[in-house]
Amino acid sequence: MSTLLAIESSCDETSAAVCVDGQILSNFIANQTVHEQYGGVVPELASRAHMQHIVPVVDAALAQAFPLLPTPAERLQKLDAIAFTQAPGLIGSLLVGTQFAKSLSLSLNKPLIAVHHMQAHVLANLIGEERPTFPFLCLTVSGGHTQIVLARSPLDLEVIGETIDDAAGEAFDKSAKLLGLPYPGGPLIDKYAKEGNPLAFKFAEPQIPELNFSFSGLKTSVLYFLQKQEPGFIQDNLADICASVQYTIISILLRKLKKAVQQTGVRQVCIAGGVSANSGLRKALQEAGVKHGWETFIPKFEYCTDNAAMIAITAYYKYQAGEFTDLSAGPSARAEW
Ligand code: KG4
Ligand code: ZN
């Protein structure tokens, strides 16, 4: 039995969730709109926004989880442990969540659980009823990472392929920027792509060995393509350009996923991370599942982009395994597992 509070603050979303015996009771997310005007996340502004959001977000998560307990103090007393995202991410952002969790742990005298953000994205697939059994493969695609992970058990995850340069989310966001779309451009490319022809324009697909990815060439390919066009071309062809860029990114991802299934023999396939919210990728995975006989899983939309529920479910398994950390635990920007 465990009642856990989890805090996520690795990038530009402040989130808190409560998990009781592996069931998510609440998951609050405060988005930071301040970055839109700068075309990307500004680390200093992200840290400040986390400072503003963290208390109300934690309060809201506890209040929703324990509606019959009238005061924050009573709700906090229900907790068995406090979990937080330790790495990777923006160091100033991580510091806010880490320090908050450590302060709570110290004042409540409850144990602390440190969670790796990328492992949590994978384990988001274990939230809810429809979930994969082990072993499964997970394509984790976010703004900072692109990985294929072999999950043997909740705490035995191995990265078997990853990007050697840009992440898939960056490929979306940087292409969107070239098209004059605001940050983050991924969801907008998704939106416009729905009206466009994915085969209208052809962009370069890299030939990278093994199960690794590369997306920096795609950005350059889009840039050179746009430079050759007449003024007004983007406006007149926005849907077709978006559909073609999205098609290329999905095709790069699916090709390596297929290869991973062939190499490992594992046929349960999940996706995770912010880019797994992409409607084209979700459809392509389902179609690949039908075509190749894979069982496919996609987390609910709210568990794809950054959220504390995925930190909470990971903490649930760590709690069972007795994997606690002490107050000396600090955040790390680096991605090593
Ligand atoms: O996992 P996430 O929320 O944060 C990181 O840990 O990076 O991922 C954010 C990324 C951004 O690059 C954003 O553009 C992308 O996910 N994204 C999408 C969609 N929704 C979010 N990309 C394509 N289509 C979407 N619908
Ligand atoms: Zn993420």
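Let us start inside the protein, at strand β6: Phe136, Cys138 and Thr140 point one way from it, Leu137, Leu139 and Val141 point the other way, and all of them are buried. Buried here means under 20% relative accessible area, exposed means over 50%, and partly exposed lies in between, using a 1.4 Å probe and protein chains only. In a regular strand the side chains alternate between the two faces of the sheet. Strands, like helices, are DSSP runs numbered from the N terminus, with at least two residues (E) for a strand and at least four (H or I) for a helix.

Before going on, keep in mind that this is a predicted model, in which local features need pLDDT of at least 70 and side-chain atom pairs count only at pLDDT 80 or more, while totals for chains, interfaces and linings use all residues. Residues are numbered from 1 along each chain as its sequence is written, chains are lettered from A and ligands numbered from 1 in the order in which they are written, and side-chain values use heavy atoms, leaving out hydrogens and water.

Now look at the partners of β6, which spans residues 136–141. Two strands pair if DSSP finds at least two bridges between them. With β7 (residues 146–153), β6 pairs in the antiparallel sense over 6 bridges, and a hairpin of 4 residues joins the two. With β9 (residues 268–272), β6 runs parallel, joined by 4 bridges. Leucine 137 is a handy landmark: it stands opposite leucine 150 in β7, and its bridge partner in β9 is valine 269.

From there, step across to β9. Here 5 of the 5 residues are buried, so β9 is largely enclosed by the rest of the structure. Gln268, Cys270 and Ala272 point one way from this strand, and Val269 and Ile271 the other way. Alanine 272 is the bridge partner of threonine 140. On to the next neighbour: β9 and β10 run parallel and are joined by 3 bridges, with glutamine 268 opposite glutamate 295 in β10.

Next comes the metal site. Which residues hold the zinc ion (ligand 2) as protein donors? They are His117 (NE2), His121 (NE2) and Asp306 (OD), lying 2.0 to 2.2 Å from the ion. A donor is an N, O or S atom within 2.8 Å of the metal (3.2 Å for Na, K and Ca), and sites may look incomplete because water is not among the atoms. Along the chain, the donors follow the spacing H-x3-H-x184-D. Histidine 121 sits in helix α4 (residues 117–123) and aspartate 306 in the loop between β10 (295–297) and α10 (309–321), so the pair ties together parts that are 185 residues apart in sequence. The angles among the 4 donor atoms run from 92 to 153°, and the site is irregular. For comparison, four donors count as tetrahedral if all angles lie between 85 and 135 degrees; four count as square planar and six as octahedral if opposite donors are over 155 degrees apart and all others between 65 and 115; anything else is irregular.

Histidine 121 deserves a second look. Its relative accessibility is 0%, so it counts as buried. Leaving aside neighbours within four places in sequence, histidine 121 is in contact with several residues, including Thr140, Ala272 and Asp306; contact means heavy atoms within 4.5 Å.

Stepping back, the chain is divided into domain 1 (3–122 + 305–321) and domain 2 (133–298), with bounds that come from an automatic or database domain assignment. Their centres, taken over C-alpha atoms, are separated by 28 Å. The contact takes 13 residues from domain 1 and 15 residues from domain 2. Together the domains bury about 1,300 Å², 77% of it on carbon and sulfur atoms; buried area is the accessible area (1.4 Å probe) that two parts lose on being put together, summed over both. On the domain 1 side, Met118, His121 and Val122 lose the most area to domain 2, together 44% of what that side buries.

Finally, a few backbone details. Most residues other than glycine have a negative phi, and most peptide bonds are trans. A cis peptide bond joins alanine 87 and proline 88, with omega about -20°, and the bond from phenylalanine 134 to proline 135 is also cis, with omega near -5°. Asparagine 109 has a positive phi of about 60°; this residue lies in the loop between α3 and β5 (112–116) and is exposed, with a relative accessible area of 70%.
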